[in-house]
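Visitor: I would like a close look at a single part of this model, the charged and aromatic side chains and the partners they meet. Could you walk me through them?

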Amino acid sequence: ADDTTPAKNLLAVSSWPPYPLPGGAVIPVGLRCESLCLLLQNYVHPLKNYIPNGEVVLRYATGEPDIESLIPPYNLDAYYQPFARAGAEVPFGHIARIGFDWAFPTGMVRANANALEIRCDPKRVLEAVELRGTCSEGIIGLAGLTAIAAE
């Protein structure tokens with residue numbers, strides 16, 4: 001790899017035609033976990049609030065998977081406007097204006113992520129986490145994932 005190539009630090013999924021992004025991704029884990037902490041940086045369309053924009057599927061070695069729906073404004077927000085009720089706002093910096101003042105009104109020029117904790121079944125091995133985009137006009141961005149191991 002070329003040393004000047006920037007690192008790819010965001011996994012983005014979406015169900016937005018014409019489908020330039022994958023609809024989902026699977027991340028292997030392979031241990032018993034108390035919880036997962038996801039650092040999410042998303043694009044959420046205002047008309048898509050109160051409906052699932054994505055899913056986090058916890059795939060265990062035994063038994064049925066657990067599914068956490070990502071629904072704005074409950075546990076999902078937009079990178080330019082932190083409004084989710086669950087999780088913690090993580091400021092990323094400022095968004096550069098590109099000549100469209102209406103696109104980012106005053107007060108909406110900060111880039112943010114949301115640190116969202118999802119509880120796991122600590123008695124079962126979490127084989128993998130699947131992140132799915134389930135809504136058009138929305139993008140789920142995973143900037144980081146931390147698995148908190150069970151005792």
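Guide: Gladly. A residue counts as buried when its relative accessible area is under 20%, as exposed when that area is over 50%, and as partly exposed in between. Please keep in mind that this is a predicted model.

Let us start with Arg-124. Its relative accessibility is 16%, under the 20% limit, so Arg-124 counts as buried. Arg-124 is placed in the loop between β7 (110–119) and β8 (125–133). One of its partners is Asp-66, with which Arg-124 makes a salt bridge whose closest N and O atoms are 4.0 Å apart. Asp-66 belongs to strand β5, and the pair links distant parts of the chain, 58 residues apart. With a relative accessible area of 32%, Asp-66 falls between the two limits and is therefore partly exposed. Arg-124 also forms a salt bridge with Asp-121, where the closest N and O atoms are 2.9 Å apart. Asp-121 has 24% relative accessibility, so it counts as partly exposed. Besides these two acidic partners, Arg-124 has an aromatic one: it lies over the face of Tyr-60, at 3.9 Å from the ring centre.

As general background, side chains of opposite charge can pair when their charged atoms come close. The structure holds seven salt bridges. Among them is the one between Arg-119 and Glu-117, at 3.6 Å from N to O. Here Arg-119 counts as exposed because its relative accessibility is 54%, while Glu-117, at 47%, counts as partly exposed.

Salt bridges with shared partners also join Glu-55, Arg-59, Glu-130 and Arg-132 into one network. Glu-130 is a good member to look at. You will find Glu-130 in strand β8, and at 14% relative accessibility it counts as buried. Its side chain makes a polar contact of 2.6 Å with the side chain of Arg-59, and another, of 3.1 Å, with the side chain of Arg-132. Leaving aside residues up to four places away in sequence, Glu-130 touches Ala-25, Val-26, Glu-55, Val-56, Val-57 and Arg-59.

Now for the rings. A search of the whole structure finds four aromatic pairs. In one of them, Trp-16 and Tyr-43 have ring centres 6.0 Å apart and planes at 15 degrees; planes under 30 degrees apart count as stacked, so this pair is stacked. Trp-16 sits in the loop between β1 (11–13) and β2 (24–40), and Tyr-43 in strand β3 (residues 43–44), so this pair links distant parts of the chain, 27 residues apart. Both partners have values between the limits for buried and exposed: Trp-16 is partly exposed at 31% relative accessibility, and Tyr-43 is partly exposed at 23%.

Tyr-43 pairs with Tyr-80 as well, with ring centres 6.5 Å apart and planes at 40 degrees, so that pair is tilted. Tyr-80 lies in the loop between β5 (66–70) and β6 (88–94), and because Tyr-43 is in strand β3, the pair ties together parts that are 37 residues apart in sequence. Tyr-80 has 11% relative accessibility and so counts as buried. Taken together, ring pairs link Trp-16, Tyr-43, Tyr-79 and Tyr-80 into a cluster.

Notes: Residues numbered from 1 in each chain as written. Predicted model: local features only at pLDDT ≥ 70, side-chain atom pairs only at ≥ 80, totals over all residues. Heavy atoms only, no water. Phe/Tyr/Trp six-rings, centres within 6.5 Å; stacked < 30°, edge-to-face > 60°. Helix = DSSP H or I, 4+ residues; strand = E, 2+ residues; numbered from the N terminus. Buried < 20%, exposed > 50% of the residue type's maximum accessible area, 1.4 Å probe, protein only. Lys NZ or Arg CZ within 6 Å of the ring centre and 35° of its normal. Salt bridge = Lys/Arg side-chain N within 4 Å of Asp/Glu carboxyl O. Polar contact = N/O pair within 3.5 Å; in protein donor to acceptor, adjacent residues only side chain to side chain. Contact = heavy atoms within 4.5 Å.
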